[in-house]
Amino acid sequence: MGIALSIIVFLLVLILVWGIVIYNGLVRLKHNVSQAWSNIDVLLRQRHDELPKLVETARQYMHYERDTLERVMEARAAVNDAQQRGDVAALGGAEQSLRLGLGNLFAVAEAYPELKANETFQHLQQRITGLENEIADRREFYNAAVNTNNIRIEQFPDVMVAQLFRFRAFRLLEFDRKTTEDVDMKTLFG
């Protein structure tokens, strides 16, 4: 085997190792995005399970606020639908509607002192507020993972491996400004 052939074999092995390292890095990033999404998904499911209890508790006191309660449940269904389909764009819009519905529910609940004093309602309110905060925190981690993945699959030389193995970009989970504002339930309920 001549020196030229040895150099060619060495370069081919070097390129192969380089491709494997890039491929494994892209796989790791893809799974980081999946893991970050799963972390949000867990919280969305927990909140999904808590909302009917909150609405049912409120319904016992808020006989004339059926529209408000129905909007929360419709928004809950829209979030669940988007979540099931993995449609991040639709989830952002549905989350906005749900947050607005919850804000309206808690604002309207101010007119019902018996509801505000109900221990179950207070517990559910705190639980949902906690879940909302955790969702916001995990959304930040999800978007960071998505951003890292999306940058890597567009950077040279990673783009060559990404296109060869069809790594794809993920969508950021974005809420509009009004949705990202916290629903301050403590001020709503004194």
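The paragraphs below lead through the nonpolar cores of this structure and then turn to two arginines. The model is predicted.

A good place to begin is the largest nonpolar core, which has 37 residues, and within which Leu54, Leu102, Leu105, Tyr142 and Leu173 are those with the most contacts. Helix H1, helix H2 (66-85), helix H3 (88-109) and helix H5 (119-152) each supply at least two residues of this core, and H1 gives the most to it, with 10 residues. In soluble globular proteins, nonpolar side chains tend to be buried together. Leu102 shows what the surroundings of one such residue look like: leaving aside residues up to four places away in sequence, Leu102 touches Leu51, Leu54, Val72, Ile128 and Glu132. There is also a second, separate core of seven residues, and among them are Ile22, Leu26, Ile153 and Val161.

The two arginines come next. Arg47 lies in helix H1, which spans residues 3-59, and it counts as buried because its relative accessible area is 1%, while buried means under 20%. Beyond residues up to four places away in sequence, the contacts of Arg47 are with Val79, Glu95, Leu98, Leu131, Glu132 and Ile135.

Arg76, in turn, has its place in helix H2, and with a relative accessible area of 16% Arg76 is buried as well, since that value falls under the 20% cut-off. When residues up to four places away in sequence are not counted, Arg76 touches His48, Leu51, Pro52 and Leu98. Arg76 and Arg171 are 95 residues apart in sequence, and from C-alpha to C-alpha they are 21 Å apart in space.

Conventions. Residues numbered from 1 in each chain as written. Predicted model: local features only at pLDDT ≥ 70, side-chain atom pairs only at ≥ 80, totals over all residues. Heavy atoms only, no water. Helix = DSSP H or I, 4+ residues; strand = E, 2+ residues; numbered from the N terminus. Buried < 20%, exposed > 50% of the residue type's maximum accessible area, 1.4 Å probe, protein only. Contact = heavy atoms within 4.5 Å. Core = buried A, V, L, I, M, F, W, Y, C linked by side-chain atoms within 4.5 Å.
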